[in-house]
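Okay, thanks for making room for me today. Let me put the model up and then walk you through it.

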Amino acid sequence: QVQLAESGGGLVQAGGSLRLSCVASGSIFTISLVSWYRQAPGKQREFVARITSGGITNYAASVKGRFTISRDNAKNTVYLQMNSLKPEDTAVYYCNSMNYVGDEYWGQGTQVTVSS
């Protein structure tokens, strides 16, 4: 089993930056990949970024070039560095992990609000 805890959300002006953290605990060695998703009010949850256990990254087109996903294995933490933030980035951001047999785990989310 894997437990995830997000942090780092907050209020920022458009054009600003924010770094989110996702700390994993439990059966960490079983994790295949970690992803960030977000859900804005009235919208479905959408994929933002992903990093595999081998360090391969993928990004949604809407954030590519502005967001960077990275990890610190010593701290069991995955980060999402968000630069050039836009009001459209306002959402609850969720950390998601998948193990090698396809099980998924979700954090509780952290609110990101970008003002004009």
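So, how many salt bridges does the structure hold? Three, where a salt bridge is a side-chain nitrogen of Lys or Arg within 4 Å of a carboxyl oxygen of Asp or Glu.

Quick housekeeping before I go on. This is a predicted model, so local features need pLDDT of at least 70 and side-chain atom pairs count only at pLDDT 80 or more, while totals for chains, interfaces and linings use all residues. Residues are numbered from 1 along each chain as its sequence is written, and side-chain values use heavy atoms, with hydrogens and water left out.

Back to the salt bridges. Arg38, Glu46, Arg66 and Asp89 are linked in a network of them. Start with arginine 38 and glutamate 46, whose side chains meet at 2.7 Å, N to O. Arginine 38 is buried, with a relative accessible area of 6%, and glutamate 46 is partly exposed at 35%. On the cut-offs: buried is under 20% relative accessible area, exposed is over 50%, and partly exposed is in between, with a 1.4 Å probe and protein chains only.

Arginine 38 also has a salt bridge to aspartate 89, at 2.9 Å, N to O. Arginine 38 sits in strand β4, residues 31-39, and aspartate 89 in the loop between β8 (77-82) and β9 (91-99), so this pair ties together parts that are 51 residues apart in sequence. When I say strand, I mean a DSSP run of E with at least two residues, numbered from the N terminus.

Aspartate 89 then reaches arginine 66, with the closest N and O atoms 2.7 Å apart. Arginine 66 is in the loop between β6 (57-59) and β7 (67-72), so here aspartate 89 helps tie together parts 23 residues apart in sequence. How accessible is aspartate 89? It's buried, at 1%, and arginine 66 is buried as well, at 11%.

Okay, on to the strands. β1 covers residues 2-7, and its covered face carries Val2, Leu4 and Glu6, while Gln3, Ala5 and Ser7 are on the uncovered one. β1 runs antiparallel to β3, residues 18-26, and six bridges join them; for two strands to pair, DSSP has to find at least two bridges between them. Glutamate 6, from that covered face, stands opposite cysteine 22 in β3.

Two buried residues next. Serine 97 is in β9 and comes out at 0% relative accessibility. Which residues does serine 97 touch, not counting those up to four places away in sequence? Val2, Leu4, Ile31, Leu33, Val34, Asp103, Glu104 and Tyr105, with contact meaning heavy atoms within 4.5 Å. Val2 and Leu4 are the ones we just saw on the covered face of β1.

The other is alanine 49, in β5, also with 0% relative accessibility. Leaving aside neighbours within four places in sequence, alanine 49 is in contact with Val34, Ser35, Trp36, Asn58, Tyr59, Ile69 and Leu80.

Now, the pocket people. A pocket here is found on a 1 Å grid over the protein atoms alone: an open set of points where a 1.4 Å probe fits, with protein on both sides within 12 Å along at least five of seven lines, and lining residues have an atom within 4 Å of a point. The largest one holds about 290 Å³ of space, a volume being the space filled by probe spheres set on points joined across faces, edges and corners. Its lining has 18 residues, and Ile28, Ile31, Val34, Arg71 and Asn73 lie nearest the centre. Elements giving two or more residues to that lining are β3, β4, β5 (46-52), β7 and β8, with β4 giving the most, at four. By class, the lining is ten nonpolar, six polar and two charged; Ala, Val, Leu, Ile, Met, Phe, Trp, Tyr, Cys and Pro count as nonpolar, Asp, Glu, Lys and Arg as charged, and the others, Gly among them, as polar.

Last bit, backbone angles. Most residues other than glycine have a negative phi. Asparagine 76 has a positive one, about 55°; it's in the loop between β7 and β8 and partly exposed at 34%. Serine 84 has a positive phi too, about 50°, and it lies in the loop between β8 and β9, partly exposed at 41%.
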